[in-house]
Amino acid sequence: MSTKISPELYDVMAKLISFDTTSRNSNLDLIEWVKSYLAELGIDCILVPNEDATKANLYATIGPSDRPGIMLSGHSDVVPVDGQEWSTDPFALAEKDDLLFGRGTCDMKGFIAVCLAYARKFAEAELKTPIHLAFSYDEEVTCAGAKRLAEALNGFPIKPSMCIIGEPTGMQVVTGHKGGYSYECTLRGFEVHSSLAPQGVNAIQYACELISFIRGIADDHRENGPFAEGYDVGFDTLQTGTIKGGSALNIVPGECTFEFEFRILPETDKVALLKRITDFAHNELEPRMKAISPEASIHIEEYAAMPGFELDPGDDVISFVRSLAARNDDIKVAYQTEAGIFVQDANIPSVVCGPGHIAQAHKPDEFVSIEQLQLCCQFMDRLLERVRA
Ligand SMILES: [Zn+2]
């Protein structure tokens with residue numbers, strides 16, 4: 001056990017890692033454990049469950065409940081370890097050379113552990129500004145947890161005034177990220193023997209026209225913008241990632257499905273972008289397909305949506321979080337977090353700042369360094385000073 005972080009932080013972290021909260025599993029064992037941990041500190045919490053009550057968000061308030069506070073947010077689920085070669089048991093915290101290994105150490109149970117270790121300090125201090133803890137489910141798959149939590153927050157008499165999401169940023173202050181949207185497109189054509197090709201509707205070929213059209217939009221945005229400063233790729237990207245279709249060369253393929261995605265700047269109108277694609281599909285391609293076979297169709301479905309966000313450069317929240325992180329800078333990133341949901345759905349200004357580096361997330365032998373956890377603890381010490389009476 002490390003001597004460089006508090007025994008309580010180490011123990012909480014070890015406990016959190018021991019729950020296999022891979023997104024396909026229930027997170028309730030972890031949530032119940034956190035609930036009783038907080039109860040021992042005299043902190044009440046409410047659970048916001050999913051539809052079939054197999055998973056839950058946890059929301060707790062420390063300090064006065066009659067005014068808005070600062071929400072510390074993390075997701076309780078982790079990505080699978082399937083097919084990964086780990087040197088240690090991914091669900092048992094292991095320490096080596098000042099690094100703590102285990103699934104979720106970096107993304108993002110390390111941050112949740114720091115929040116819980118500091119819950120005692122927040123609870124013992126007299127706070128003028130409350131601290132809210134918000135731990136979600138399903139961030140790694142659909143963000144359904146954060147969406148439900150945002151809905152619940154909208155129903156509360158008092159909402160948090162701001163949110164700090166502890167996703168791994170190396171404790172850098174992230175004040176904006178792109179939005180990410182995923183789509184599945186299914187084309188139904190009309191199967192015939194390939195010798196009779198003109199009597200069939202070739203689903204693959206129509207899919208290719210649509211994919212080229214999407215590629216054309218991507219090229220247009222790359223050349224003509226919008227452009228934004230501070231991102232590694234400072235313009236919108238659209239791309240097709242998978243395609244399936246056809247059964248044999250001598251059969252005109254009757255079905256083709258492909259997946260495409262947008263990674264777009266917060267200012268880009270997603271609805272308008274999608275409309276360009278659906279208009280082309282339904283007004284250009286589909287009539288040509290239906291002229292041969294009335295049953296032919298194109299169906300496009302959004303299956304994941306992570307809105308982007310960007311704080312105004314002069315927003316007080318930025319200077320506040322910079323001061324907690326003891327930094328004078330902030331950055332923007334291309335990966336998605338729940339920040340976009342809290343901003344878009346609940347109108348809560350959000351910043352992403354947490355221990356560990358995104359490069360270590362989702363990998364075998366995932367780790368967070370003791371040094372990063374120490375920086376996060378210093379961040380919490382400064383936060384405590386700012387919120388105590
Ligand atoms: Zn994460």
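**View 1. An open sheet of four strands in the predicted model.** The strand order is 10-11-9-12, and the pairing is antiparallel. Strand 10 (237–245) and strand 12 (297–306) stand at the edges. Each has a single partner strand, so one side of each is left without a neighbour in the sheet. From one strand to the next, the twist averages 20°. Strands of a sheet pair through backbone hydrogen bonds, either parallel or antiparallel.

**View 2. The pairing of strand 9 with strand 11.** Strand 9 covers residues 179–188, and strand 11 covers residues 255–264. The two run antiparallel and are joined by ten bridges. Look for Glu-184: its bridge partner in strand 11 is Glu-259.

**View 3. Helix 5 and helix 6 against the strands.** Helix 5 (residues 203–224) lies across strand 9, strand 10 and strand 11. It runs at about 170° to strand 10. Helix 6 (residues 270–292) lies across strand 9, strand 11 and strand 12. The angle between helix 6 and strand 12 is about 165°.

**View 4. Met-171, a buried loop residue.** Met-171 sits in the loop between strand 7 (162–165) and strand 8 (174–177). Why does Met-171 count as buried? Because it has 23 C-beta neighbours inside 10 Å, and the cut-off is 20 or more.

**View 5. Contacts of Met-171.** Leaving aside neighbours within four places in sequence, Met-171 is in contact with Ala-325, Cys-353, Pro-355, Gln-372, Leu-375, Cys-376 and Phe-379. Take Cys-353: Met-171 and Cys-353 are 182 residues apart in sequence. In space, they are 5.2 Å apart, C-alpha to C-alpha.

Notes. Residues are numbered from 1 along each chain as its sequence is written. This is a predicted model: local features need pLDDT of at least 70, side-chain atom pairs count only at pLDDT 80 or more; totals for chains, interfaces and linings use all residues. A residue is buried if 20 or more other C-beta atoms lie within 10 Å of its own, exposed if 12 or fewer, and partly exposed in between; C-beta atoms are placed from the backbone. Two residues are in contact if their C-beta atoms, placed from the backbone, lie within 7 Å. Two strands pair if DSSP finds at least two bridges between them. Axes are lines fitted to C-alpha atoms, for helices over the stretch in contact, and angles run from 0 to 180 degrees between N-to-C directions.
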